[in-house]
Amino acid sequence: MIDFGNDWNSVLSKEFEKDYYLSLREFLKTEYREHTVYPDMYDIYNALKFTSYSDVKVVILGQDPYHGEGQAHGLAFSVKDGVPLPPSLRNMYKEIYEETGNVQPESGNLTRWAKQGVLLLNTALTVRSGQANSHSGKGWEIFTDCIIEKLNAREKTIVFLLWGRNARSKERLITNPNHKVFSAAHPSPLSAYNGFFGCGHFNAANRELILAGEMPIIW
């Protein structure tokens, strides 16, 4: 059982007893012992530790952690202080500026969003160094589908921002009419000009939160 330090403990308690998770746990033990894996094992669940179940206002879905040294720290799209901005995050900052006029900090550490209720969730929570998607299909997708299903069951409005094909595939899990879903291309340089730039999602998320009586996110 993982201790998240908040209400995710009770929400997800049964998942840690299931066969798929026990298999995933054994796989991760071997991977961390025999290979370089990101993020640090103590940072794997930071998205859930930093944003409790009851505090989630916005969900941004990523694919899997950054696979370069010193980048990943358990929050989708985020990097540690002092690490150069990855291209996708640089494009996110550019879109925020175009929408809101907010000049973004030099740091790509998005903990400040997580503490406001933005769940920065990857669909797989670990990755082998230099090998994108290397931990896909090992059980993480079942676990993160469960997280989305638990959020879908909540009555209070949540705004889901789904960027790219992998994230959009999760839309089938969001069936509660109380929640709002916005989809666009991924912010990667390979696709950002195909619909991410100009998507208006950051302002749209805040409009929905205000309508729901919630404080908007300071992007």
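This note covers the salt bridges, pockets, core and cavity of a predicted model.

1. **Salt bridges overall.** The whole structure holds 6 salt bridges. Three pairs are taken up in the points that follow. They are K18 with E15, D145 with K170, and K156 with E214.

2. **K18 and E15.** These two side chains form a salt bridge, at 2.7 Å from N to O. How exposed is K18? K18 counts as partly exposed, because its relative accessibility is 39%. E15 is buried, at 6% relative accessible area.

3. **D145 and K170.** The salt bridge between these side chains has an N to O distance of 2.5 Å. D145 sits in helix α6, residues 140–152, while K170 sits in the loop between α7 (165–168) and β6 (180–184), so the pair ties together parts that are 25 residues apart in sequence. Is D145 buried or exposed? D145 is buried, with 14% relative accessible area. K170 is buried as well. Its relative accessible area is 6%.

4. **A network around that pair.** Which residues are linked to one another by salt bridges in a network? They are D145, K170 and R172. Two members of this network, D145 and K170, are the buried residues of the previous point.

5. **K156 and E214.** Here the side chains meet in a salt bridge at 3.9 Å, N to O. K156 belongs to the loop between α6 and β5 (159–163), and E214 to the segment after α8 (201–211), so this pair ties together parts that are 58 residues apart in sequence. K156 is partly exposed. Its relative accessible area is 38%.

6. **H201.** This histidine lies in helix α8. H201 is buried, at 4% relative accessible area. What does H201 touch, leaving out residues up to four places away in sequence? The contacts are E99, L161, W163, F182, S183 and A184. Of these, L161 and W163 fall within the range given for β5, residues 159–163. F182, S183 and A184 fall within the range given for β6, residues 180–184. E99 falls within the range given for α4, residues 87–100.

7. **The largest pocket.** Its volume is about 530 Å³. The lining comprises 28 residues. Which of them lie nearest the centre of this pocket? They are Q63, D64, F77, S88 and H186. At least two lining residues come from each of β2 (58–62), α4 (87–100) and α7. Helix α7 gives the most, with 3 residues. By class, the lining has 14 nonpolar, 12 polar and 2 charged residues.

8. **The second largest pocket.** This one has a volume of about 340 Å³. Its lining is I2, Y21, R25, L28, K29, Y32, M41, Y42, I44, Y45 and K49. Which helix gives the most to this lining? Helix α2, residues 19–34, does, with 5 residues. The lining divides into 8 nonpolar and 3 charged residues, with no polar ones.

9. **The nonpolar core.** In soluble globular proteins, nonpolar side chains tend to be buried together. The largest nonpolar core in this model has 70 residues. Which residues have the most contacts inside that core? They are W8, W113 and F143. Take W8, leaving aside its neighbours within four places in sequence. W8 is in contact with S13, L48, T51, S52, Y53, V56, L119, I147 and L151. Among these contacts, I147 and L151 fall within the range of helix α6, residues 140–152.

10. **The cavity.** How many cavities of 30 Å³ or more does the search of the whole structure find? It finds 1. The largest cavity has a volume of about 70 Å³. Of its 13 lining residues, I44, A47, G74, N122 and L125 are the closest to its centre. Both α3 (46–50) and β3 (118–122) supply at least two residues of the lining. Strand β3 has the largest share, with 3 residues. The lining divides into 11 nonpolar and 2 polar residues, with no charged ones.

11. **A shared residue.** I44 turns up in two places. It lines the second largest pocket, and I44 is also one of the residues closest to the centre of the largest cavity.

Methods
Residues are numbered from 1 along each chain as its sequence is written. This is a predicted model: local features need pLDDT of at least 70, side-chain atom pairs count only at pLDDT 80 or more; totals for chains, interfaces and linings use all residues. Side-chain values use heavy atoms; hydrogens and water are left out. A salt bridge is a side-chain nitrogen of Lys or Arg within 4 Å of a carboxyl oxygen of Asp or Glu. Buried means under 20% relative accessible area, exposed over 50%, partly exposed in between (1.4 Å probe, protein chains only). Helices (H or I, at least four residues) and strands (E, at least two) are DSSP runs, numbered from the N terminus. Contact means heavy atoms within 4.5 Å. On a 1 Å grid over the protein atoms alone, a cavity is a set of points where a 1.4 Å probe fits but cannot get out, and a pocket is an open set with protein on both sides within 12 Å along at least five of seven lines; lining residues have an atom within 4 Å of a point. Grid points are joined across faces, edges and corners, and a volume is the space filled by probe spheres set on the points. Ala, Val, Leu, Ile, Met, Phe, Trp, Tyr, Cys and Pro count as nonpolar, Asp, Glu, Lys and Arg as charged, and the others, Gly among them, as polar. A nonpolar core is a set of buried Ala, Val, Leu, Ile, Met, Phe, Trp, Tyr and Cys residues joined through side-chain atoms within 4.5 Å.
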